[in-house]
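Trainee: I'm new to this structure and would like a close look at a single part of it. Could you pick one helix and walk me through its surroundings?

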Amino acid sequence: MSLVGQLRYRGVIARRRIQAAIFVSLLLGSLSGALTHIAVAQTTAEQTERRKTSTPYKGDLAIFESPDRDKKLQVERVMDILGVREGTGVGDIGAGSGWFTVRAAKRVGDRGMVYAVDINPEAIKYIDDRVRREGINNVHTILSSENDPRLPPNSIDAVLILKTYHEISDPIGLLENLRKSLRKGARVGIIDRNGNGEDHGVQQDVVEREAARAGYRLVDHYDFVKTDREDYFLVFQLKAENP
């Protein structure tokens, strides 16, 4: 090969190497950007799932039995909205002293059943003692885990999570595990107050987003459950069901 030919050949090789280097650089840049985007998305999801929660109450359960609580929360209206009536199955998640449990038990009658769910063994014992003492035969207690209410499959027409949602460490997991227990048309009610998660409250929009991720749609919302309008009452149904 002549000298001129050799120089041309070397020039072609050099250009190809430069083009290859540029291509690799661009490819690595694109991959880096994509990986960064994925990492940010994962971090955001993890932060959402690990949002702040309040320490579950383990004090004197009698505190929930204030004589004016029925009137303040308008519990009869709450049960009307959730469809708690004769013969239905009801889940009281975060049952505490059983305040709502015993009221729902009167509504559903002998043909219905109320499941009192709590992660605190002392609360379960308290409710067991209470219904035995009061002669209530349509209540079944369940010691749950943090992300599973452990309710029987296809057994529930209405659920109430009363002033407890802000304490649930894995709310999306719990709501997902709840789905298999819901009958067609079941309503899930959440009563809580706005807060930052660790101050015994959680923002309403946070609850709505978490419920949506777990497969629920918001069908109603109210603010009558406290006269100062600090509390909200959200009602959900499964997304898979027709409106």
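Mentor: Happy to! Let's take helix α3, which covers residues 75-82, and begin with its buried residues: V75, V78, M79, I81 and L82. Looking down the axis of α3, you would find these buried residues within an arc of 160°, so they line one face of the helix. Just after α3 comes G83, which has a positive phi, near 80°.

Please keep in mind that this is a predicted model. The chain has a mean pLDDT of 82, with 72% of its residues at 70 or more. Two stretches call for care. Residues 3-7 have pLDDT below 50, and this stretch has one contact in the model beyond near neighbours in sequence. Residues 34-48 also have pLDDT below 50, and there the model shows three contacts beyond near neighbours in sequence. Where pLDDT is low, the predicted coordinates should not be read in detail.

Back to our helix. What lies over its buried residues? The cover includes the helices α2 (69-73) and α4 (99-108), along with the strands β4 (156-162), β5 (182-193), β6 (216-222) and β7 (231-238). L82 makes a good example to trace on your screen. Leaving aside neighbours within four places in sequence, L82 is in contact with D157, A158, V159 and L160. The contacts of L82 also include R187, V188 and G189, as well as F233 and V235.

From here we can step into the largest nonpolar core, which has 29 residues. Those that touch the most other members are V78, L82, V84, F100, V139 and F233; V78 and L82 are already familiar as buried residues of α3. At least two residues of this core come from each of α3, α4, β2 (113-118), α5 (121-134), β4 and β7. The largest share belongs to α4, with six residues. There is also a second, separate core of 28 residues, and I161, I168, L174 and L175 are among its members. In soluble globular proteins, nonpolar side chains tend to be buried together.

Now follow α4, one of the elements covering α3, to its strand neighbours. Together, β1, α4 and β2 form a right-handed β-α-β unit. The strands β1 and β2 run parallel and are joined by five bridges, with V114 in β2 as the bridge partner of V90. β1 also runs parallel to β4, through three bridges, and here D92 has L160 of β4 as its bridge partner. L160 is one of the contacts of L82, which takes us right back to our helix. As for β1 itself, five of its five residues are buried: G89, G91 and I93 on one side, V90 and D92 on the other.

For comparison, try another helix, α6 (residues 171-178). Six of its eight residues are buried, so α6 is largely enclosed by the rest of the structure. The buried ones are P171, I172, G173, L174, L175 and L178. Their cover includes β1 (89-93), β4, β5, α7 (204-213) and β6. Of these, β4, β5 and β6 are also among the elements that cover the buried residues of α3.

Key: Residues numbered from 1 in each chain as written. Heavy atoms only, no water. Buried < 20%, exposed > 50% of the residue type's maximum accessible area, 1.4 Å probe, protein only. Helix = DSSP H or I, 4+ residues; strand = E, 2+ residues; numbered from the N terminus. Arc of directions from axis to C-beta. Contact = heavy atoms within 4.5 Å. pLDDT = per-residue confidence, 0-100. Core = buried A, V, L, I, M, F, W, Y, C linked by side-chain atoms within 4.5 Å. Pairing = 2+ DSSP bridges. Right-handed = clockwise from strand over helix to strand, strands pointing away.
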